[in-house]
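Student: I would like to learn how to read a structure like this one. Please show it, and then we can start with the ligand.

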Amino acid sequence: MRILVTGGAGFIGSNFVRYILDNYPEDDILVFDILTYAGDLANLPSLTSTHRLSFIQANICDEQAVAQAMAGCDAVVHFAAETHVDRSLLSAQDFIATNVQGTYVLLEAARKQHMQRFLYISTDEVYGNACSPDGMSRPSVETDSLRPLSPYAASKAGADTLAFSYWASYGLPVTITRSSNNYGPYQYPEKQLPLFILNALEGRPLPIYGDGQHSRDWIHVYDHVAALSVLLHQADSSLDGQIFNIGADQERTTLENAALILKSLEKSAEQISFVQDRPGHVRRHAVDTTKIYQQLGWQARISFDEGIKQTIEWYQTHTDWLAGIKEKHNEFLQSALQRGT
Ligand code: NAD
């Protein structure tokens, strides 16, 4: 199968590309990525290392570039997005353009070119606070209503429902996944866990929004991309129009994460610094993964304790990768490292 992977030079996309190259020798990949601050070819295997990987630098809002790239592909796995909640609070424009309009452009091209599978990578942020219809806190199920609380989440919810409508209206074989928070190698250090790891290592405060009791279900990126690969390679039409939560049932608060990272690195808990909470900050994200387990037998395998240990080691040993990011984005990264999470 030839797979068009949008956003394949970002964190999850690049881990997905590696996973496919390592585990599905019959598949070829075309990465389509504009390379924003969050995308980097250094996240991918060298383009000269295998004929199975190729790359186009372009915007998913560019209809012509998208149509050309999709020609000859069998499936689309759509990761490309503006992804940082804090940035969406400062300005939502790029989020609407890329996440909503860009997804529309891809769906239209996929419809015209009769793609065999369109995997839309959504997020549990679309649910807002995890709760039942009567307001009781519990993990979100796929049939819960969408109550996004940030412009980022709203833009993802818009694209998520648009993708669903392309299955309902045109029969495009769309499958939607809503994953919980990911962590692991190649994550840009503005996100919580790499930010805490780097600040801990480099002696800066670990800035925590509010009381630090906001909780998320943390999934290692390897588990997430393994689930996506199972969905992608399901040959029948039973996945068309289906939505699947992907999570690891490992809920942890921000404060617990900061404390664990400091302890693992033998640093003082005094590096923890509470900062003013952000608007619309979701108190609890958690997903119920019964559906993907019952339908496909998939479940996460990597425990948080093991995954975070490996991730800390990864950031300690991949100094060239970090140096490359710092060289390109130093000023911007410094301000990201001081914001709360
Ligand atoms: P990321 O920010 O690391 O990477 C996004 C990639 O998209 C980058 O390579 C960037 O260059 C590319 N991109 C952005 N705008 C583009 C455009 N207009 N045209 C082409 N490429 C563009 O993001 P990530 O954390 O890897 O997330 C990937 C996807 O997974 C996103 O859709 C996100 O909403 C979703 N998701 C992420 C998480 C998480 O915890 N990181 C959880 C659930 C879902």
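Tutor: H1 gives the largest share of the shell around the ligand, 3 residues. Helices (H or I, at least four residues) and strands (E, at least two) are DSSP runs, numbered from the N terminus. This is a predicted model: local features need pLDDT of at least 70, side-chain atom pairs count only at pLDDT 80 or more, and totals for chains, interfaces and linings use all residues. Residues are numbered from 1 along each chain as its sequence is written.

Student: How many residues surround the ligand, and which are the closest?

Tutor: A residue is near a molecule if its C-beta atom, placed from the backbone, lies within 6 Å of it. Here 30 residues surround the ligand, the closest being Gly7, Gly10, Ala38, Gly39 and Ala81. Elements giving two or more residues to this shell are H1 (11-23), H4 (93-112), E5 (117-123) and E7 (181-183).

Student: Which residues of helix H8 are buried?

Tutor: Buried means that 20 or more other C-beta atoms, placed from the backbone, lie within 10 Å of the residue's own (exposed: 12 or fewer; partly exposed: in between). In H8 (residues 254-264), Thr254, Asn257, Ala258, Ile261 and Leu262 are buried.

Student: Why do the buried residues line one face of H8?

Tutor: The arc is that of the directions from the helix axis to the C-beta atoms. Seen down the axis of H8, the buried residues fall within an arc of 125 degrees, so they line one face. After H8 comes Glu266, with a positive phi near 55 degrees.
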